[in-house]
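Grab a pencil and have the structure open next to you. Try each exercise yourself before you read its solution.

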Amino acid sequence: MNRRLAQGIDADAAPQRVDPVVAVVALGANLGDRAATLDAAVTALRALPLVDAVVTATPVESVAVTLNGPDAAAPAYLNSVALVTTRLAPTVLLDYLHAIEARHGRERRTRWGDRTLDLDLIAYGDVSSSSERLTLPHPRAAERDFVLAPWADIAPDAEIPGRGRVTELLAVAARTARAHPVSASTDPAHTEVAPGLQEPQS
Ligand code: AMP
């Protein structure tokens, strides 16, 4: 992709410098070799143009919750969070996330159904957006401990713009939820995370 288009710069506009922004990406998988899929997704994130750095959290495993509620019989999820320092425009980054999902055979037949790989853009700096294509911050992130716990693990002072500190949101979410860290990791530098619970992913 043309570098200026990737930065969301109008071709007719005057050239401008784009500062890197930290984007928060949530990763989830409940089919196949989940740890290998998350590792491959992180490798793909690192290979994107205009991405300077990617820091990932220890994955957490938890029970899938479908539209009908928690389903212990369904394959459990493995979730992680990546902090992506990038100069990609948010919609361009989302397009890349969808391309990485597609490469891993993601099918979108059932809302909140099983998936090989799900990538959500949780936040992009302090940008707010309410379009159907891209809502920022992600509208359900503040209640999802499988996002909040790994995020707090790698960014203890993080905030969801307009919602509050991630650690405080996690404490609220954890009162009604349980999950546990697993040994599989997308980054050997990770530490283990606090308990959390899987919720429907979309
Ligand atoms: P998914 O749940 O990944 O299948 O995404 C469903 C739809 O949500 C896609 O069409 C996205 O364009 C849209 N969407 C809106 N906001 C976001 C966001 N923050 N992160 C990921 N997808 C989003």
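Below are some exercises on this predicted model, each followed by a worked solution.

**Exercise 1. Take stock of the chain: how many helices and strands does the protein chain have, and what percentage of its residues count as buried?**

Solution.
- Step 1: Go through the secondary structure. The protein chain has five helices and twelve strands.
- Step 2: Turn to burial. Of the 202 residues in the chain, 39% count as buried.
- Step 3: Look at how contacts span the sequence. Take the contacts between residues at least 6 apart in sequence; 69% of these join residues at least 24 apart.

**Exercise 2. Work out why helix H4 (residues 145–154) is described as largely enclosed by the rest of the structure.**

Solution.
- Step 1: List the buried residues of H4. They are Asp145, Phe146, Val147, Leu148, Ala149, Pro150, Trp151, Ala152, Asp153 and Ile154.
- Step 2: Draw the conclusion. Ten of the ten residues of H4 are buried, so the helix is largely enclosed by the rest of the structure.
- Step 3: Find what does the covering. It includes the strands E1 (21–29), E2 (51–56), E3 (60–62), E6 (77–86) and E7 (118–124), along with helix H5 (166–174).

**Exercise 3. Explore the largest nonpolar core: which residues touch the most other members, and which element gives the most to it?**

Solution.
- Step 1: Recall a general tendency. In soluble globular proteins, nonpolar side chains tend to be buried together.
- Step 2: Pick out the best-connected members. The core has 47 residues, and those touching the most other members are Val25, Ala41, Val81, Leu121, Leu148 and Trp151.
- Step 3: Ask where the core comes from. Two or more residues each are given by E1, helix H2 (34–46), E6, helix H3 (90–103), E7, H4 and H5.
- Step 4: Name the top contributor. That's H4, with seven residues.

**Exercise 4. Describe how H4 and H5 pack: at what angle, and how many Å apart are their axes?**

Solution.
- Step 1: Know what to look for. Two packed helices are described by the angle between their axes and the distance between the axes.
- Step 2: Read off both values. H4 and H5 pack at about 140 degrees, and their axes are 9 Å apart.
- Step 3: Classify the angle. Only angles over 145 degrees count as roughly antiparallel, and H4 and H5 are therefore oblique to each other.
- Step 4: Add the handedness. H4 passes H5 in a left-handed crossing.
- Step 5: Find the residues that make the contact. H4 brings Asp145, Leu148, Ala149, Trp151 and Ala152, while H5 brings Val166, Thr167, Leu169, Leu170, Ala173 and Ala174.
- Step 6: Sort them by class. The contact has nine nonpolar residues, one polar and one charged.

**Exercise 5. Compare two residues of strand E1, Val22 and Ala29: is each one buried or partly exposed?**

Solution.
- Step 1: Place them. Val22 lies in strand E1, and Ala29 is in E1 too.
- Step 2: Fix the cut-off. A residue needs 20 or more C-beta neighbours within 10 Å to be buried.
- Step 3: Apply it. Val22 has 17 such neighbours inside 10 Å, so it counts as partly exposed. Ala29 has 28 and therefore counts as buried.
- Step 4: Check the contacts, skipping residues up to four places away in sequence. Val22 touches Leu83, Thr85 and Gly125. Ala29 is in contact with Arg34, Thr37, Leu38, Tyr77, Leu78, Arg115, Thr116 and Leu117.
- Step 5: Notice how far along the chain a partner can be. Val22 and Gly125 are 103 residues apart along the chain, yet their C-alpha atoms are separated by 5.5 Å.

**Exercise 6. Hunt for backbone oddities: which peptide bond is cis, and what is phi of Leu50?**

Solution.
- Step 1: Start from the usual case. Most residues other than glycine have a negative phi, and most peptide bonds are trans.
- Step 2: Find the cis bond. It runs from Leu136 to Pro137, with omega near -10 degrees. Pro137 sits in the loop between strand E9 (135–136) and H4.
- Step 3: Look at Leu50. Its phi is near 60 degrees, a positive value in a residue other than glycine.
- Step 4: Give Leu50 its setting. Leu50 is in the loop between H2 and E2, and with 18 C-beta neighbours inside 10 Å it counts as partly exposed.

Methods: Residues numbered from 1 in each chain as written. Predicted model: local features only at pLDDT ≥ 70, side-chain atom pairs only at ≥ 80, totals over all residues. Buried ≥ 20, exposed ≤ 12 C-beta atoms within 10 Å, placed from the backbone. Helix = DSSP H or I, 4+ residues; strand = E, 2+ residues; numbered from the N terminus. Contact = placed C-beta atoms within 7 Å. Core = buried A, V, L, I, M, F, W, Y, C linked by C-beta atoms within 7 Å. Axes fitted to C-alpha atoms, helices over the stretch in contact; angles between N-to-C directions. Parallel < 35°, antiparallel > 145°, perpendicular 65-115°, else oblique. Left-handed = near helix turned anticlockwise from the far one by under 90°. Nonpolar A, V, L, I, M, F, W, Y, C, P; charged D, E, K, R; others polar.
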